[in-house]
Structures are given as structure tokens and as C-alpha cells.
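Student: Hi! Could you walk me through this structure while I have it open on my screen?

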Amino acid sequence: MKLPFLKNLASGKYSFIIKSLYRIFYLGLAGFFLFIIALNLNLFWLFGKMPSVDDLDNPKSDVASEIISTDNKVIGKFFFENRSDMKFEEIPDNFINALIATEDVRFSKHSGIDARSMLRVFGGILTLNRKGGGSTISQQLAKNLFKMRQDEAYEGLLYKLPLAKTLTIKAKEWVTAIKLERRYTKAEIMTMYLNTIEFSSGAYGLKSAAKTYFKKQPKDLKPEESALLVGMIQNPSRFNPKFFPKNSRGRRDIVISQMVKFNKLSPEEGKEMADLPIVLNYSPESHNYGMAQYFREYLKDIVKKQLKDSGYEDSDLYTKGFKIYVTIDSRMQAYAEEAMKVHMKDQQKKFEAAYKGKNPWVQRKSENSSQYVEIPNFIENSAKRTEIYRLLKKTYGDDEKLILSKMREKVPMTIFTWDGDRDTVMSHIDSLKHYKRFLNIGMLAMDPRNGNIKAWVGGINFKHFKFDNVFQSRRQPGSTFKPFVYVTAIDNGFSTCERVIDEPITFGPADGIVGSYTPKNSDGKYSYESLTLRQALGQSVNTVSARLIKEFKPSKVIEYAHQLGIKSELPNSPSLCLGVGEVSLFEMLGGYGVFANQGKHTEPMVLLRIEDKNGEVIKEFFPESKEVLSKESAYKMIHLMKGATAGGGTAAGLARYGILDGNEIAAKTGTTSNFSDGWFMGMTQELIGGVWVGGEDRAIHFPSIYYGQGARNAMPAWGMFMQKVYADNTLEYKKSKFIIPDGLRIMGDCVLSPNDGFSSPNDLEPKQPALKPADDDELL
């Protein structure tokens, strides 16, 4: 190559060397510019594409969608990468100082590439004495945003050659860094960088990292906490303070020394900070942890459907940073979860004590026997319904004996206990035995005025028990179904002032059944006393429900149940009076809401609105209400169910939680055959709730009604929850009385409409002693 100005150089002993150096320099410079042009043009498809102008102007990174409660708390996220964007103003100065001192000390001066750092790196390579990396924050941002090392869309033919691939990728990142510097301010680059970097433990971006390791907002980070997080950037896994605290502290102290070196801290401040221990408040965000996991799982499908209707893809829920505003109140959710844990841990102890080490999967010894015996081959038959059995079946075919022997081989696993997860070595069969012993729970609270779900507990532990006992589970409701029988009678002219005798009621062919059927009370006896409806429902007398369904027919009861919100199919049978149809807690609460909401059915709702990441409303949701019952009939049912909390009622035990004083609560307990299901439904004017407790299988239950009834195994959870709600003065839910519709008169157990002909309390009061307090709840 001829360079004209070389002729003007003086000739001499070293002129050839000097001219050669000039040629090399200018040839290299020209080659460099040609390389950059070829790189940008992807000449001959050698280099792969570069980020486009649109890519640079609208850089994309996956942002987690946040679930936000009514009290404006983030209670969960949907994400592939747990990233929440923040603004520059949210970054504390101590973090910026630590970052610049450690990662890019000339950040404010360079234009994307730091020449001094690059020379230091090249010098280190030549002398085999590397002294740190040369990447600027802008280069690291280019690397994080466009993933030119992983994304196949950026690959060219040179990527097949290792050295050429490395050089090409580095060059692309340099060029992209310079382009980013031209388009964005330093503050914007800093913010985008801190929104993209990984911090291990599933946290992406500073905002998620601050919450994961310290349960804080970035602006609240202390200097030593900022130094620790900055130290993690170099190698997030190696310097994870939870799993490698020694490594993490050493790296943090290097960051502190850099801050001292570049005058971000005084030597005294640096020494004082380095002496501080690492103090974490480790709370990683994942779908298995955090608040309201069962609710979040239910919400996921609801939101996907709404987004799809608005033109989005299913995967957008995890990447586009939607703000999902829900009806859950984080304080009430916390109270429900706390009550569940205290109550169910206590129930599990009682359950294990009741069986004294024996297996709890039992059946009656004979049809009329009160003695229970273990069900043969229960675990083996249950094993055939597991996923591991199905997987082994694909390998070993129909060799059941071999499959079960494989399931008896011990393997390392982590199991649930009420004292925390425990690592152990156990076979799949033994693991199944372990989990089958646990009682589980479904618990739900709703504001009946607008259908807003305020708390949702679907089980005792989402990580180990994925099945949701609020929405997915359908179990027999026992006597909690009786209000649907009573309301059918009352709304069709049966007066609350009428008395019904506790006596045997027999159904036969005239009632549409083959043979005969005579429901019994929980103790198998009949008092033959004349009872008001309030007494009968409050003490859950089965024969009175039988008397009402015999008169008004099961088909009519089914009609009313569906009208009030029960969606499940119900059996057209006299035994429906004792709750043999299978329903979910979710729909039961919706049905009970009609009584508390003066005859209006409001569909239970969980969504308030969905916004995009910029705050634009995509969709907003409003209560759907319709009148399905008169105010008068609704209040009459409330008055009858208040009898459960009066003396002798099955829910009178709520008094021990202090929630009956100065308050009105209507309630119903329920227990099914063999004590397989315990239920409780409680209502105030502004808040209603339901609880179900039982085993995963109906064969797993308490061996007697003493602990197996809903008043003992379900009601206490609601009592503890309401106690916590009333103790929180920041909540809107206070003790109150039910609204009595105009024209209604209350006389003892009786509610009189304007046209009712009773005029004297003597017509209404029972003429015999009240029944003894109900120790035991009802059962089929």
C-alpha cells in the first residue's frame, strides 16, 4: 500500500521501520473502519445482524407482571424473569457511588467505551497479568439488552470460528454501546442497566434484588447493603450472600475499598462499614412462595383470558409488566394465613393423637358399626393415581409389581412438616403415606356488598399441596347446605313462626325413591319437642330439614340453590336436605352472600383492573349483581342463622374469640358422614367467610365426632381470622348489626312480615324447655 506522505519522511537508518509502522497503523485504521462498516451491514452474512434503530429506540426486556392488592401492596408476580422496572429517582446515591467506583469509574466521561480500561485489558493480556475487565456500564447494558451471545438471531457465519465469534460479539457490543450513548442520557443508561442485571435467587434488576435480599425498596438500602449488591454483579451465583456468605462479604469489602479509593467514602467510613456483618431479610419471590399462592394460581387463568380478549398472547402475562389490581386485601390475607397455620397445626396434632400412630385411612367395620378399620391396599391403590406411577408405567408397561417395587426405592427428597421443610431420604410410597396423613383446609372471605374476595387460602402449603380447596375441590357440604332448604320453605310461605316437631320423617316411593329413607339426628335420637325454625337451624336438627324438603320437594330446593349461586349439579333426592351434593367453597360463599346482601346475588370477583406497564388501563371490572330473593326472605334467613351463635347453637363457641360482643353474626356449621368434611360459614353485614377442613381422601378423617365436627375443626379458623380483622383499626370492617328491612318485626325467634297474623309473643314462644347446648354438630 502506497501512502504519499511517506515520501516526505527523512531517510536514514530506521526509515524503513518507521515507514512500516506507519503503514501498519494506517492499514489497521482503515481495516478497522472497513470492519465496522461490514459489521453494520452484515457483509456476506458473516457477522449476523446488529440491533436495529427500532431495537435501540425501544429496547425490550422481560418485565414481571405485578399483582397489587386493594391496600396497594404487591402480593405476587407472574414472570419468566423476576424483573420490576424502576425510575432513576428510586436509585439511592450510595448505590450509584458503589457501582461507579467498582464497575465504571469514568462512566460520566466516556461515550460508551473507556479507552484507558481497554488499554489496561490489552496490556494485561500481553503481560499475562490481567487487572480487571474493561467493559463499561454502557457495554454491559448492550450485552444485557440484546443478548448477542445467546440469541441465534444475531449469529453469522463467523460464529463457527471461536476467536472470530468472540471478536465479532465484542465489536457488536462496543458499537451498540456507542449508539446507546448517543440516544440516551447517562441517567437513562444507568437506570436501564440496573433494571436488567441479574442478582441470582431469581432476581433481575435492582428493585427485585432489594426485595429478595432485604425486603426493601431500593431507595431504603443502607450503604453496606448497596455495596453487597454491587459486589454480586461480577458473579451473582458465586457472591450470593444467602448461600456463599464468606465469598459475598469478601467481595463487598472490595467494593467498599474501591469507594474509599475513589473518594466515595472516607477511610474511617470504609473501615466502619467493612466491620459490619451481612444481615439479610431473604425472601425470594417464586410461584411456590409468598402470599396468596392459591389465589395467584386461580388468578393466572382469569387474567390470561382477559388479556387474550384484549389481543395479547398467553406469554405476555410473564413478560410485559402488567399491573393487575385485585380485590384481595394484603392485611386480611395475612390474617387468614396466620389463622390457618395456627389452627391447622393444632388440628394435625389432635388428628395424630386420635390415631396414636395408626394409619388414618379407615372405613366402618360393617354398615351399622361404629368401629373403624384400616382400608386394605389403600396406599397402593392411591399410588396408581400418581404422576410417578404413570411415568414408570411408560417404562415398565403393565408390570404393576415391578412399578410398585421401584416406588419403594428410597431417593433424596424434601418433605413438608409443620416445623418446616425437611430434607430426607424416602421412597415414593413412604412419601405418599406421609402426605396422606395431613388434614387440609380451604378458607375464603368476601365482602357481600360487592362480591370482592378479600382473603383466599386454598390449602396448608402450596409448594407441597397444589390442589386448591377453595375453587377446585368439591365436597359434600353437610348441614351448611340446610339454609338453602330453609329459604325454599320461607320464600314459599312457610312462616318463621311455625313450629316443627323433632320426630322421624320417612321418605318412600311417594317421594320418588325406592324403599324407605329416614334421616337421623347426629346422636341418633329424636326429642319429639316442638321447635322454632331458629332453634332447629341453630342446633342443626336433621329431622326439621327433612320435614321441609318433604313438603317443598328436592327439585324446588335445587332451583333455589342454583338461583342463589350454586353452580354444581345437585342430586334430586330427599338426602339433599343433609347436604349430600358436592359443591365448592367458592360457590357456597357466593350463595350465602345473598342472605347478607339483602337478597342480591353478587358474583364473587377477584379483578378490579388491568393496566399496562405505563399505567394505561386495559380493562376494568365491576360487580355483577341481581336480585334473586326478597329482602324480607333474606333477612329471615339471617335471623334464623343468628340462632347458631346464641346459647345452645352449634356456633356459640365463637364467643371465646370475643367477636360476638357488640356484634351480630349469622352462622352455620356442617359435618358429613364419617366426619370426612368439617364446614363453617359465618356472616356479618359487611364480611362473610367460609372454611372447609378435611383429608385429601374422604377415607381420611377423625375417628369420632368430638373432633370431627365443623364446630371444632373448621369454625376456630374463622374465629381467629375475624378476631385479627376486628383488632386492625386500619380496616373498614367493624363490628355491626344486620340491616332489618322496613316493615319487619322481630318477636323472639320469629320474624313477622307486615301481613303476618301473629300478634302476641305467646303465640311464638316455645312452651317447653330449650334443648341442651349442642356439643356435637350434625352429620348425615
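Tutor: Happy to; we can go through ring pairs, a hairpin and the cavities, keeping in mind that this is a predicted model.

Student: Great, rings then. How many aromatic pairs are there?

Tutor: The count comes to 31 aromatic pairs. One of them is Phe78 with Tyr318, an edge-to-face pair at 6.5 Å centre to centre, with 85° between the planes.

Student: And where do Phe78 and Tyr318 sit in the chain?

Tutor: Phe78 is in strand S2, while Tyr318 is in the loop between helix H12 and strand S5, so the pair links distant parts of the chain, 240 residues apart.

Student: Is Tyr318 buried or exposed?

Tutor: Tyr318 counts as buried because its relative accessibility is 11%, and the cut-off for buried is under 20%. Phe78 is buried too, at 3%.

Student: Got another one? What about Phe351 and Phe702?

Tutor: Their ring centres are 5.2 Å apart and the planes stand at 90°, so this pair is edge-to-face. Phe351 belongs to helix H13 and Phe702 to the loop between strand S20 and helix H24, so the pair ties together parts 351 residues apart in sequence. Phe351 is buried at 2% relative accessibility, and Phe702 is buried at 2%.

Student: Which rings form a cluster?

Tutor: Phe295, Tyr298, Trp456, Phe471 and Phe586 are linked into a cluster by ring pairs.

Student: Which charged end sits over the ring of Phe107?

Tutor: That of Lys186, 4.6 Å from the ring centre. Lys466 lies over the face of Phe462, also with 4.6 Å to the ring centre.

Student: Switching topic: how do S8 and S9 pair?

Tutor: They are antiparallel, with 6 bridges. Val411 is opposite Met426 in S9. The hairpin has 6 residues between the strands, and Gly420 there takes a positive phi near 110°.

Student: Now the holes. How many cavities of 30 Å³ or more turn up?

Tutor: The search finds 4. The largest has a volume of about 60 Å³.

Student: Which helix gives the most to the lining of the largest cavity?

Tutor: H23, with 4 residues. By class, that lining has 8 nonpolar, 2 polar and 1 charged residues.

Student: And what lines the second largest cavity?

Tutor: That cavity, with about 40 Å³ of space, has a lining that includes Leu439, His701, Asn713 and Phe702. You met Phe702 earlier, in the edge-to-face pair with Phe351. S20 gives the largest share of this lining, 3 residues, and the classes divide into 5 nonpolar, 5 polar and no charged.

Terms used. Residues numbered from 1 in each chain as written. Predicted model: local features only at pLDDT ≥ 70, side-chain atom pairs only at ≥ 80, totals over all residues. Heavy atoms only, no water. Pairing = 2+ DSSP bridges. Helix = DSSP H or I, 4+ residues; strand = E, 2+ residues; numbered from the N terminus. Phe/Tyr/Trp six-rings, centres within 6.5 Å; stacked < 30°, edge-to-face > 60°. Buried < 20%, exposed > 50% of the residue type's maximum accessible area, 1.4 Å probe, protein only. Lys NZ or Arg CZ within 6 Å of the ring centre and 35° of its normal. 1 Å grid on protein atoms, 1.4 Å probe; cavity = no way out; pocket = protein on both sides within 12 Å on 5 of 7 lines; lining within 4 Å. Points joined across faces, edges and corners; volume = space filled by probe spheres on them. Nonpolar A, V, L, I, M, F, W, Y, C, P; charged D, E, K, R; others polar.
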